[in-house]
Amino acid sequence: MTSTLLKTPLLNAPTIKKLPNGLTIVAEQMPVEAVNLNVWINVGSAVEADEINGMAHYLEHMVFKGTQRLQSGEFERLIEQRGAVMNAATSHDYTHYYITTAPKDFAQLAPLQLEVVLNACIPDDAFERERSVILEEIRRSDDSPQRRTFRRAIETTFEQLPYRRQVLGPASVIEQLKAQQMRDFHQKWYQPQSITAVAVGNLPVEELIEIVVDGFTKAGVTTEAAKEQLPLTFAPEPAFKEIVRRDYVDETLQQARLVMAWRVPGMMQLEQTYALDVLAVILGQGRMSRLVRDLREERQLVTHIGVSNMTQRLQGVFYISAHLPEENLAVVEEAIAQHIRKFQTELVAETDIARIRTQVANRFIFGNEKPSDRTSLYGYYQCQLGDLTPALNYPARIQSIEAIDIQNAAQQYLSSDAYGIVTIKPAQH
């Protein structure tokens, strides 16, 4: 079944093809002399048991260690010979692998990418060598004040959901993992029904789809109907009932850190996220935002402050973080709470909303200029939701947000009396 999405902006016109085995292919021709293939696997660290936390990320590394048909390093060598580029990333909710090639090289290189992703050998000796690389990555992460702060904030925000764990996993778990456990994990999750392959670039759509289908066939993936995998069944955690406070001391810091977080809707309640996206921009993104103007520019209580609405699949996080002198912690926390209350009691001015609408629409256009931008956009939404429409309609949804929607979102999800807060103070010398 192949369909071109209708009622979408002229900027984007992707074609979707679903095979009987559950594999989804998204393709679009774009007049740029490159083609990007982005293979999204609907699996990240959220599916891991605690005993194998970090496996999805470790596997991302091992995928490039060869198959029965390709020796370790051969794929990278062929990519470099053609001047192509490749990379990969793992999150809680997904893993994806991508290459960018010249259009004339796509038919040769795309099947090789699918071969390494689908048929990774995971040899014992390479598994042991890569373990030290993963452990070093964990050590570097532990050495980063920014990552330590974020980790403590997320552990405070979530008590049950797997988002509270690190994607990299703890060193104690990585040290115990076995190659056979990874082979089993790969076999279970890297199946057609979990995969979205997105190809965008300067080849006809029919040719892009044909090359990708051929690549899956060469990799040994049949097109027969596949057994459905059970989706993750985690219930979102309830909103905070009180202020949950966690205080730390970090001797590497020169200034204190403050993070305030609320549990908010995620991808499964997408309609509830748009107003929170707009609220986050008005509150703390850019020099014109309220917290930056008030707390950094005018009162000079913080050296940095920012706000984001993080929309994950199972549940989102509304996240405010600041760098500030330790003596300002209490007054900044109260000032942020006052700003939240103002959203709940006063309608945002139309000029503020108009500015955000323009920003979001322009960001969407600017973020769609390269094939890799579009494969990321399409892959993320198709992989997470099984639906591209929200990706293409995002600017229109933001344009439709009214002041009353922002007020309702603040009242419903951002209590000024119940949230998670993490403060990290520099050590006293």
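The following dialogue examines helix packing and domain contact in a predicted model.

Student: Why is helix α9 called oblique to helix α11?

Tutor: Helix α9 (residues 274-284) and helix α11 (residues 329-345) pack at an angle of about 130 degrees, their axes being 12 Å apart. Angles over 145 count as roughly antiparallel and those from 65 to 115 as roughly perpendicular; the angle of about 130 degrees falls in neither range, and therefore α9 is oblique to α11. The crossing is right-handed.

Student: What makes the contact of α9 with α11, and how do its residues divide?

Tutor: L279, I282 and L283 of α9 meet H339, I340 and F343 of α11. These residues comprise 5 nonpolar, 1 polar and no charged.

Student: Why is α3 called oblique to α8?

Tutor: The axes of helix α3 (residues 106-118) and helix α8 (residues 205-218) cross at roughly 40 degrees and come within 8 Å. Roughly parallel requires an angle under 35 degrees, and roughly perpendicular one of 65 to 115; roughly 40 degrees meets neither condition, so α3 is oblique to α8. Here α3 passes α8 in a right-handed crossing. Residues of the contact include F106, A110 and L114 of α3 and L208, I211 and F216 of α8. The contact residues divide into 10 nonpolar, 1 polar and 2 charged.

Student: How do you know that domain 1 and domain 2 are in contact?

Tutor: Contact means heavy atoms within 4.5 Å, and 34 residues from domain 1 (15-219) and 38 residues from domain 2 (243-425) take part. The buried area between these domains is about 3,000 Å², with 65% from carbon and sulfur atoms. Their C-alpha centres lie 29 Å apart.

Definitions and conventions: Residues are numbered from 1 along each chain as its sequence is written. This is a predicted model: local features need pLDDT of at least 70, side-chain atom pairs count only at pLDDT 80 or more; totals for chains, interfaces and linings use all residues. Side-chain values use heavy atoms; hydrogens and water are left out. Axes are lines fitted to C-alpha atoms, for helices over the stretch in contact, and angles run from 0 to 180 degrees between N-to-C directions. Helices (H or I, at least four residues) and strands (E, at least two) are DSSP runs, numbered from the N terminus. A crossing is left-handed if the near helix is turned anticlockwise from the far one by less than a right angle, and right-handed if clockwise. Ala, Val, Leu, Ile, Met, Phe, Trp, Tyr, Cys and Pro count as nonpolar, Asp, Glu, Lys and Arg as charged, and the others, Gly among them, as polar. Domain bounds come from an automatic or database domain assignment. Buried area is the accessible area (1.4 Å probe) that two parts lose on being put together, summed over both.
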